[in-house]
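Reader: I'm new to this one. Could you walk me through it, one question at a time?

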Amino acid sequence: MPSQLFEVASPFDETEVAEAIDAADQALDAQSLEINARRALVENAESLRLARSL
């Protein structure tokens, strides 16, 4: 059993893989931005309610 690593040729084009990874990253970034925006709206609303109650 050899202890050296070996490379296997990928059936995918490197450019297509890079584009797919970029697209996935952009989708995750967009999702994170949306989550953060919703969280900020909720926190702002809670702060307004608290300020009104004081």
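Reader: How many salt bridges does a search of the whole structure find?
Author: Keep in mind that we're looking at a predicted model. Going through the whole structure, the search for salt bridges turns up one.

Reader: Which side chains meet in that salt bridge, and at what N to O distance?
Author: A pair counts when the nitrogen and the carboxyl oxygen lie within 4 Å. Here the partners are Arg 38 and Glu 34, and their N to O distance is 2.6 Å.

Reader: Where do Arg 38 and Glu 34 lie?
Author: They're four residues apart, which is about one turn of the helix. Both sit in helix α1.

Reader: Is Arg 38 buried or exposed?
Author: Exposed means over 50% relative accessible area. Arg 38 has 53% relative accessibility, so Arg 38 counts as exposed.

Reader: And how does Glu 34 count?
Author: Between 20% and 50%, a residue falls in the middle class. Glu 34 comes in at 41% relative accessibility, so the label is partly exposed.

Reader: Which residues gather in the patch of negative charge on the surface?
Author: One of them, Asp 29, lies in helix α1. The full patch is made up of Asp 13, Glu 14, Glu 16, Glu 19, Asp 22, Asp 25 and Asp 29.

Reader: What about Phe 12: is Phe 12 buried or exposed?
Author: Phe 12 is in the segment before α1, the helix that spans 14-53. The cut-off to beat is over 50%. With a relative accessible area of 57%, Phe 12 is therefore exposed.

Reader: What separates the C-alpha atoms of Phe 12 and Ala 27?
Author: Along the chain, these two are 15 residues apart. In space, their C-alpha atoms are separated by 21 Å.

Notes:
Residues numbered from 1 in each chain as written. Predicted model: local features only at pLDDT ≥ 70, side-chain atom pairs only at ≥ 80, totals over all residues. Heavy atoms only, no water. Helix = DSSP H or I, 4+ residues; strand = E, 2+ residues; numbered from the N terminus. Buried < 20%, exposed > 50% of the residue type's maximum accessible area, 1.4 Å probe, protein only. Patch = residues over 30% accessible without salt bridge, like charges linked within 9 Å, V, L, I, M, F, W, Y side chains within 5 Å. Areas by Shrake-Rupley, 256 points an atom, 1.4 Å probe, with all protein chains shown as cover. Lys, Arg positive; Asp, Glu negative; His and termini not counted. Charge placed at Lys NZ, Arg CZ, Asp CG, Glu CD.
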